[in-house]
Amino acid sequence: MTYKVSKQELAVLGSPEEQVRTEIVSPQSAYEKLLARKRTWTPVAVSAGTLLKGGEDVVLRGLSLRCLEIPVGDFITEAMKGDLPDEIGCIELLKSNVQDEEKHDIALDFAAQAHRTPSRYEAEAERIKKAWLELDRHPVLKAVVLERSVFFVLLPIFRYLGDTGLRTTSADISRDEQTHVAANTIVCQSLGLRSDKRLNNLRKATVDWFLQSLEAENENKYLSRNFWMNQSNSLYERGKAAGLSDTRASRMPAFFETNNINLPQYA
């Protein structure tokens, strides 16, 4: 679908390139808008730097949970075999999101190799993955809860407690996950899917597992278990994390507001 703009409108559109794009393309659906805003990036190997003292265990446990990336992609692949909103761009966007998850897995594997995640954490993370796989809920609903209130806690943890390589990896994955949560939220709303107590309990248990080495309170809020759990609770319940609002000035976004069908606005 195309549309024309007046000379007066062209005067305020910005650069000539922006004017051309505006004249040529008008996305037909929320899904197409999200797909158009994606950025291309390539996972690269990283070296291990210094982690924030006191946060090392959290980072290692978080990296072990990279085993959830591919299952999230599998959830979406499974969903594409059933009923989905009959809107232009929906299937194309979801397929693209599955490819993103494969890329995330590669990027986090690089980080896990660099930091040598303990085998006992890898084994525990696999048991957590098994619990998510066995939970009998719609696959898109499981994906959106994981991405919104687990991954969007882990990604800023990698930023605040991690090293340069983890901050870069967090930034790249965060941009994708914003789009994923937006898409999956729209799908859940269209299908009338809602979370429940069992799904919420699994979400809380997952977050509690990787936070367990932190004190309940700490002078440095990023080393406080309560701080991070509150962000997860807020993301789950309201779709925003006010405690992470300082990310709006950064190139490393950390959360998504679910009431916006486009990319997120920060609290």
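This is a short tour of a predicted model, with something to select at each stop.

**Stop 1: the whole chain.** Start with everything shown as a cartoon. You'll find eleven helices and zero strands, so don't go looking for arrows. Read from the N terminus and the elements go α-α-α-α-α-α-α-α-α-α-α. Of the 267 residues in the chain, 52% are buried. Now think about who touches whom: take the contacts between residues at least 6 apart in sequence, and 75% of them join residues at least 24 apart.

**Stop 2: helix H4.** Select residues 56-64, which form H4. Is this helix largely enclosed or not? Eight of its nine residues are buried, so the rest of the structure largely encloses H4. Colour the buried ones to see this: Asp 57, Val 58, Val 59, Leu 60, Arg 61, Gly 62, Leu 63 and Ser 64. Two charged residues, Asp 57 and Arg 61, are on that buried list.

What covers them? Add helix H6 (90-115), helix H7 (119-134), H8, helix H9 (164-191) and helix H10 (197-211), which are all among the covering elements.

**Stop 3: H4 against H8.** Hide the other helices, keeping H4 and H8 (residues 139-161). Their axes come within 10 Å and cross at roughly 140°. Angles over 145 degrees would count as roughly antiparallel, and this pair falls short of that, which makes H4 oblique to H8. The crossing is left-handed.

Now turn on side chains. From H4, show Val 58, Val 59, Gly 62 and Leu 63; from H8, show Leu 154, Ile 157, Phe 158 and Leu 161. These two groups meet each other. How many are nonpolar, polar or charged? The contact has seven nonpolar residues, one polar and no charged. Gly 62 is the polar one, because glycine counts as polar here.

**Stop 4: two cysteines.** Select Cys 67 and then Cys 188. Cys 67 is buried, at 12% relative accessible area, and Cys 188 is buried too, at 6%. A disulfide is a covalent bond between the sulfur atoms of two cysteines. How many disulfides does the model have? The count is zero.

**Stop 5: Arg 116.** Finish by selecting Arg 116, in the loop between H6 and H7. Is it buried or exposed? Arg 116 is exposed, because its relative accessible area is 73%. Check its backbone as well: phi is near 55°, a positive value in a residue other than glycine. Most residues other than glycine have a negative phi.

Notes. Residues numbered from 1 in each chain as written. Predicted model: local features only at pLDDT ≥ 70, side-chain atom pairs only at ≥ 80, totals over all residues. Heavy atoms only, no water. Axes fitted to C-alpha atoms, helices over the stretch in contact; angles between N-to-C directions. Helix = DSSP H or I, 4+ residues; strand = E, 2+ residues; numbered from the N terminus. Parallel < 35°, antiparallel > 145°, perpendicular 65-115°, else oblique. Left-handed = near helix turned anticlockwise from the far one by under 90°. Contact = heavy atoms within 4.5 Å. Disulfide = S-S within 2.5 Å. Buried < 20%, exposed > 50% of the residue type's maximum accessible area, 1.4 Å probe, protein only.
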